[in-house]
Amino acid sequence: MAAATMEVDSGNDSIQRKQSLYKSLDERFGIQKEMYRGQQYSQIYFARLHLMRTMLYSLIPNWKVHLPVCTVLGLEEGKECIIVGTIYKHMKLKPSILDEYSKERSTTPLVKPHNFVSSDDYLVLEDESGRVKLCGALLLPSVFVTGIVVALHGKETGAGDFMVEDILEAGFPHQIERPLVSGEDKYVVFVSGLSVGGSSSNPLQFQLFIDHITGHLGDEKEQSFAARIVQVVVAGNSVEYPRTLLNGQNLSSKDQSRLSEPIKELDILLTQIAAGIPLDIMPGPDDPANFSLPQQALHRCLFPGSSAFNTFRSCSNPHSFELDNVSFLGTSGQNIDDLEKYSDASDKLGFMERTLRWRHLAPTAPNTLGCYPFTDRDPFFIETCPHVYFVGNQEKYQSRLVKGSEGQVVRLICIPRFVETGTAVVLNMRNLECHTLSFGAEFST
């Protein structure tokens, strides 16, 4: 437990900061003990299929107890059965590195750069024995992506396809019961996309945010609110570097100094938070961390000021933790942004809900999302259902409470990029309600 105290003078009284019991659950995202020996990505798919298939087999008796379970190779024409495997989505518009060298590049249709879904997409189910093309109106290719493991009820057609009649997804995982509601409000603040050092970064905006949550701004009511903040989570893309410096050339001493400025400035700002509030910082795609998921924690030597406090924690991406037995799971946004490129949903929260239903945090890894080639495990499998599921670096704030079939309740949160919106998100752990804090030309809550 990392304890932090804050006293804010308010007349003759001082306000004591609330505290919470913190437990990190990031161990499964670590790759320190992993050894790369030239292994291929097929092994993480095998590990995923084995894990998910075992779990789906346990659900089948309550779904279609009368039907036999077959492998793809064991399918017989016209015979109803259940097959379990990994979905592969064939996409005509999916970018390929080989296209750069194709002589027929000019015939490639123009597509929106943010989404590669087309009406010609189709799905294939694959297991160790083989693969079969899927058909049927029930299975919408626009909803699914490569890498999901599902059970399908149907039968083989004369054309050799599998006509799907019903689908069994893994569903929301088991959820540990949330602690009994106490009368005490405790808040967690999420902020993302600070982009310190970037051309559009506004230092004053972030300083206002810091002063507000640390209790140095506002009247007694606002200071009382600030004293109930027990955790701050910075969800990726905290710094931004000039692109001209990152061209692979040797840097002059002046350019090296410019390269270190954003992280130094960030450390000064985060030190002010860590001096009073427990702080978790996650790496994002623009931060000085490894590119592939799971991104490892930013090295503490980057934060000489902040890391002097026991309240400062540099964490992985994805990040999982508990506060007073309320479980949190989140990413810096890469998993949801990638789903948006290769499937359709009404909003980002829809993609988030699907990852919970599929019990997989990053189903498109390693196909279109970079990840480490694990050999015997898949760390992105969601074993237990979080109470709060958040993603950073989104265009706008969105939040929704979703419920599973066994009474699971999850608060979904899209954290907007602070550099563009000046907005942070506040969660009340007592009732999982959310609101925003906005800092701009005018201050509002």
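## Buried loops, a mixed sheet and an enclosed strand

Leu293 is buried, because its relative accessibility is 5% and the cut-off for buried is under 20%. The model is predicted. Leu293 sits in the loop between E12 and E13. Outside its neighbours within four places in sequence, Leu293 is in contact with Asn317, Gln334, Leu369, Gly370, Cys371, Tyr372 and Phe380. Leu293 and Ala362 are 69 residues apart in sequence, yet their C-alpha atoms are 9.0 Å apart in space.

Gln175 is a second loop residue to look at. Its loop runs between strand E9 (162-168) and strand E10 (187-191). Is Gln175 buried or exposed? Gln175 counts as buried, because its relative accessibility is 15%. A polar atom of the Gln175 side chain lies 2.9 Å from the backbone oxygen of Pro386. Pro386 is also among the residues that Gln175 touches. The others listed are Cys385, His387, Gly407, Gln408, Val409 and Val410, with residues up to four places away in sequence not counted.

**The open sheet**

E10 belongs to an open sheet of 6 strands, in the order E13-E12-E11-E10-E19-E20. The pairing is mixed. Strand E13 (312-314) and strand E20 (433-438) are the edges, and each pairs on one side only. Neighbouring strands of this sheet are turned by 20° against each other on average, direction ignored. Helix H4 (residues 253-274) packs on the sheet. H4 touches E11, strand E12 (279-282) and E13. The direction of H4 makes about 150° with that of E12.

**Strand E15 and its partners**

Why is strand E15 largely enclosed by the rest of the structure? Because 6 of the 6 residues of E15 (residues 326-331) are buried. In a regular strand, side chains alternate between the two faces of the sheet. Both faces of E15 are covered. Val326, Phe328 and Gly330 are buried on one side. Ser327, Leu329 and Thr331 are buried on the other.

E15 pairs with E14 and with E16. The hairpin of E14 and E15 has 2 residues between the strands. In that hairpin, Asp324 takes a positive phi near 50°.

The table sets out three strand pairings, each with a pair of opposite residues where one is listed.

| Strands | Sense | Bridges | Opposite residues |
|---|---|---|---|
| E14 (residues 319-323) and E15 | antiparallel | 5 bridges | His319 and Gly330 |
| E15 and E16 (residues 388-394) | parallel | 4 bridges | Leu329 and Tyr389 |
| E10 and E11 (residues 229-235) | parallel | 5 bridges | Tyr187 and Ile229 |

Gly330 and Leu329 thus appear twice in this account: both are buried residues of E15. Gly330 stands opposite His319, and Leu329 stands opposite Tyr389.

**Helix H2**

Which residues of helix H2 (residues 203-213) are buried? They are Gln205, Phe206, Phe209, Ile210, His212 and Ile213. Seen down the axis of H2, these buried residues fall within an arc of 165°, so they line one face of the helix. An α-helix has 3.6 residues a turn, so residues three or four places apart point the same way.

Both ends of H2 have details to check. Asn202 caps the N-terminal end. A side-chain oxygen of Asn202 lies 3.1 Å from the backbone nitrogen of Leu204. H2 is followed by Gly215, whose phi is positive, near 85°.

Notes. Residues are numbered from 1 along each chain as its sequence is written. This is a predicted model: local features need pLDDT of at least 70, side-chain atom pairs count only at pLDDT 80 or more; totals for chains, interfaces and linings use all residues. Side-chain values use heavy atoms; hydrogens and water are left out. Buried means under 20% relative accessible area, exposed over 50%, partly exposed in between (1.4 Å probe, protein chains only). A polar contact is a pair of N or O atoms within 3.5 Å; within protein, one must be able to donate a hydrogen and the other to accept it, and residues adjacent in sequence count only if both atoms are side-chain atoms. Contact means heavy atoms within 4.5 Å. Two strands pair if DSSP finds at least two bridges between them. Axes are lines fitted to C-alpha atoms, for helices over the stretch in contact, and angles run from 0 to 180 degrees between N-to-C directions. The arc is that of the directions from the helix axis to the C-beta atoms.
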